[in-house]
Amino acid sequence: MHYDISFPHLGIHLEHVGKTISVFGFEIAYYGIIIGTAILLGFVIATSEAKRTGQDPESYLDMGMFGVVFGIIGARLYYVLFSWDMYKDNLLEILNIREGGLAIYGGVIAAVLTVIIAAKIKHLSAPQIFDTIALALLNGQMLGRWGNFFNREAFGGYTDSLFAMRLPIDAVRSSDVTEQMRAHIQMIDGVEYIQVHPTFLYESLWCCALLILLFAYRKHKKYEGELFLLYMFGYGLGRAWIEGLRTDQLLLPGIGLPVSQLLAGVLVVTTGVLLVYLRKNHSRYSMLDKKKYRKIKFVK
């Protein structure tokens, strides 16, 4: 197997990009390192935002631990559910996430359910919590996509555009290689290469831009939950476009439609309607029922 990755039109050529690093004889996947780093930074962002808004940061550490565990489980289950043919004959492989196979939407869905349940049990405001973790989730998505870079996955179809990424064909899954890619295979020094859209990069840059916009807007939000709705709307908008470029789409069984692209479209429409409606009517929902909810106040 060959390990080089190139962006020929940008003049970038990386000679050896491995999937793992050896630490005291143990092989640690870059994918795991990146996910772990994203989680730690997410905790920092969420607790900092909690402190800024007068909440108790320790509450987010407690909820975050459950959110991370169930988020990873949800991300894996979502991927396995829509890639069942890959796992039905080897169920133990479901537990192997070193090679990737975590669907972001599954993680977000699990995190949302965790927050709703935690808010219900502790009599807290779910919209307030969602706003506090929105930037942390977006940061995780921005960084997490670079795990796909090291695993050489989640790329798009053939392109010769400025950001085209060139990969050795023996370093990617054969199921991700389309006929159009094969028609444009390049032979360089006896090695066959494909040239593709680096959709992981597109999504990472999209999330970065959205993160900056939400960071700037967070002090100007009109009601609790607005930041989270803007995050979901903005992410869904980018994902609906980017998902259409990918060659490894998860498909709805029996229908064959890309499930993540459909979900992104539904998310954009739903959150778009809510944003317009609440923009006009937020005042009637802005006051929390103090008998039912309590803010997560910072305890000095």
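## A walk from hairpin to cavity

Start by selecting residues 20–23 and 26–29: these are strands β3 and β4, which pair in the antiparallel sense over four bridges. Keep in mind that you're looking at a predicted model. Now pick Val23, and you'll find Phe26 of β4 standing opposite. The hairpin has two residues between its strands, and one to click on is Phe24, with a positive phi near 50°.

Next stop, the inside. Run a cavity search over the whole structure and one cavity of 30 Å³ or more turns up. The largest cavity holds about 1,000 Å³ of space. To centre your view there, select Ile39, Gly71, Gly107, Leu137 and Gly140, the closest to its centre among the 47 lining residues. Then colour α1 (30–52), α2 (57–81), α4 (104–122), α5 (126–151) and α8 (226–243), the elements that each give two or more residues to that lining. Which of them gives the most? That's α2, with ten residues. Colour the lining by residue class and you get 27 nonpolar, 13 polar and seven charged residues.

Now isolate α4. Its 19 residues should span 27 Å at 1.5 Å a residue, and the end C-alpha atoms are indeed 27 Å apart, so the two agree. Show its side chains: the buried residues include Tyr105, Val108, Val112, Thr114 and Val115. What covers the buried residues of α4? Bring back α2, α5, α7 (199–217), α8 and α9 (259–281), which are among the elements doing so.

Last click: His123, which follows α4 and has a positive phi, near 55°.

How values were computed
Residues numbered from 1 in each chain as written. Predicted model: local features only at pLDDT ≥ 70, side-chain atom pairs only at ≥ 80, totals over all residues. Heavy atoms only, no water. Pairing = 2+ DSSP bridges. 1 Å grid on protein atoms, 1.4 Å probe; cavity = no way out; pocket = protein on both sides within 12 Å on 5 of 7 lines; lining within 4 Å. Points joined across faces, edges and corners; volume = space filled by probe spheres on them. Nonpolar A, V, L, I, M, F, W, Y, C, P; charged D, E, K, R; others polar. Expected span 1.5 Å × (residues − 1). Buried < 20%, exposed > 50% of the residue type's maximum accessible area, 1.4 Å probe, protein only. Contact = heavy atoms within 4.5 Å.
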